[in-house]
Structures are given as C-alpha cells and as structure tokens.
Amino acid sequence: MSEQTLARARAGDEDAFRELTEPYRRELQLHAYRIVGSAQDAEDLVQETLLAAWRGLEQFEGRASVRAWLYRIATNRSLDTLRASRRRPEDLLRMTEVPEPARRAEPIWLEPYADALLEGVPDDAPGPEARYETREAIALAFIVGLQHLPPQQRAVLVLRDVLGYRAGEVAEMLDTSEASVNSLLRRARAAFESRLPAAGRERAPLPNSKLERDIVGHFADAVENGDVDGMVALLTDDAWLTMPPEPHEYQGPAAIGAFLRGREVARGAMRLVPTRANGQPAFACYLPSAQTEIARPYALFVLTLEGDSISAFTWFADSGAFPHFGLPRVLR
C-alpha cells in the first residue's frame, strides 16, 4: 500500500480510494457469498463495505493491511445481514406432490455463483493457515455445508480455514477473544466436515476437458430429448438430487429417475444454454411457450462430476440468478 495513495484517499480523492480497494472487490464479493449464500446479497454487501470503508477511512490506523480491514467490514456486514434477514427459506418452498424423498433436509437459502465472478480472485491459499484450496472452497457442497452452520461459526471457519487468517487476526475482526475464535472453529469444523463428501472419491475431470465436455454433452442431449433413462445412466450409484431451498433430497438413479419423470424435464421441451457455476458445469434451462416462439427461464442445473459420472445434480428453480451469468432473458 502506498502511503501517498492512502493520504490522497483520506483527503477525499475517490480515484485514490478506488486504487486502494478495487484489487479486492471480487474476492470480497466471494467472501460475502460464502457467508450469506446469495450472489445478489453478496454484490450489495460489497457496495455497503466499500461505502463504509470510504466513510471510515479516517479511522483506519494502518495496523492491519487494507485487505484485512476490508475483510473485517465485509464480514461484519454479512453477519448483520444474516441477523436482520426477513427472507426465510421456508417462505420459498413451492413443490407439492413429489415422490417420497430419501431424506428431508433443513431448508437453506442458496443461489449458484457464476464462474465469471471468480475472475481476479487469487487461486493460491491467501494465508498461512488456510486448509482448503480456492477451487474446493467455492464448490456447491462446500457452500451448502457452510449454510448449515450458525453465522458466527460460518464466519470464523471461512476466515481461518479458507482465507488463512490467524486466530488473533480473526478475533480482532470480530471484536472477540482468541479463545472464543478457537472454540467457534472447533465446533464449526466438527459440524462442517461431517457434511463434506467422503474422502477417497474419484476426482472430477478438469474443467473444460474432453471428459467433462463428453459427460455434460450427453446429459444435455438427454434433457433436451426428455430421456430420463439417459440422464440417470450418467449418475453414480449414490448420486444426490437436491433443489435448495426445497427440503426434498433424492439419492440413487432409481429415486432420481422417479422424481424426474414427474417433472417438465421428462417432456423433452427444454432448451439448454451451457454455463458454469461454483467451478462446476451448469445449464440454464428455458421452457418454450405453447402459444409463442419464446422460451422463458425455467431453472439452472449444476452438475457435480466424479470420474466419468455425475455424483450430484443441483436444481435451482429460481431463475433470478440468470443476470449474474450474463444469460439471455428469453430464447427465441
């Protein structure tokens, strides 16, 4: 950080302030997303964070880096959002007349995160005590696990194990003690790691590799043809179908097939546009109208791959995230 740039920013130079903060905008947005689970809320929280930083620049003493100072603001703004949120996942539940699920999970608020928003986010572990790689810490399974933690535990786990901040730094960010941070982290790790996929599973193929393209291409063909058998043939024996915030979860080709046969996907009318979400292959689904030649947004499907198969299929029925992916409003 240039002392001259900081001095100019404190004197009211907006260009200098942008020079100080712009390098961190994308990673701050990802940080907020991990905590609140919403891409739209994360975008709003970055704006709030930068506004608060601009207004509080005189109080910035320079004991920590600008980056750590911004993370402190973003983390506390995110926690305030969770405390004040009136949007409950239960209010969004809409599915009725579905087959008996393998289990009913606690409803969580979750949106997919467009890979385009990851550009400019550092790939390497940002701190000495990070436990997770960046790619792992954006995957849907990881984000889902976070959303099941209480807010304070969620923030501490992200700051310590994803970003690699030391306990003392996190305690300062959250205005608490190191002992409290360590206690929160122990509880968070115990609850969080029990939700992650079991160790020893096959790795996903590399992004945009031939194997990945083959798998998702076969899946897309099956969806557009209404070929439910073709879809389930691509699944692992223990694959999961989830639809946050819906609590119904289905495991295995037979149960997933039974669910899909009762939905629009079995009619073969969908049109798909490939995209990527949370570092994973995804499809925007559009449903043509019988009266017009226009296909409107219907859902976003995100695939989790394992070897040459699909181990998880996440169905986001809310098309509100489409603008974050640069997707068209309609297909003609």
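Helices (H or I, at least four residues) and strands (E, at least two) are DSSP runs, numbered from the N terminus. The expected span of a helix is 1.5 Å times one less than its number of residues. This is a predicted model: local features need pLDDT of at least 70, side-chain atom pairs count only at pLDDT 80 or more, and totals for chains, interfaces and linings use all residues. Residues are numbered from 1 along each chain as its sequence is written, and side-chain values use heavy atoms, with hydrogens and water left out.

**Exercise 1. Find what span helix H10 reaches, and which side of H10 is buried.**

Step 1. H10 covers residues 210-224, which is 15 residues. From first C-alpha to last, H10 reaches 21 Å, close to the 21 Å expected at 1.5 Å a residue.

Step 2. List the buried residues (under 20% relative accessible area; exposed is over 50%, partly exposed in between; 1.4 Å probe, protein chains only). In H10 they are Glu212, Ile215, Val216, Phe219, Ala220, Ala222 and Val223.

Step 3. These residues cover an arc of only 165° around the axis, which puts them on the same side of H10. The arc is that of the directions from the helix axis to the C-beta atoms. An α-helix has 3.6 residues a turn, so residues three or four places apart point the same way.

Step 4. Turn to the face away from the buried side. Lys210 and His218 are the exposed residues there.

**Exercise 2. Identify the partners of the buried residues of H10.**

Step 1. Contact means heavy atoms within 4.5 Å.

Step 2. The buried residues of H10 pack against helix H11 (228-232) and four strands: E4 (271-277), E5 (280-288), E6 (295-306) and E7 (309-316).

**Exercise 3. Locate the unusual backbone angles.**

Step 1. Gly226, just after H10, has a positive phi of about 65°.

Step 2. Asn208 has phi near 65°, positive in a residue other than glycine. Asn208 sits in the loop between H9 and H10.

Step 3. Asp175 has phi near 55°, also a residue other than glycine. Its loop joins helix H8 (167-174) and helix H9 (178-193). Asp175 counts as exposed, at 62% relative accessibility.

Step 4. The peptide bond from Pro244 to Pro245 is cis, with omega near 10°. Pro245 lies in the loop between strand E2 (235-243) and strand E3 (246-251).
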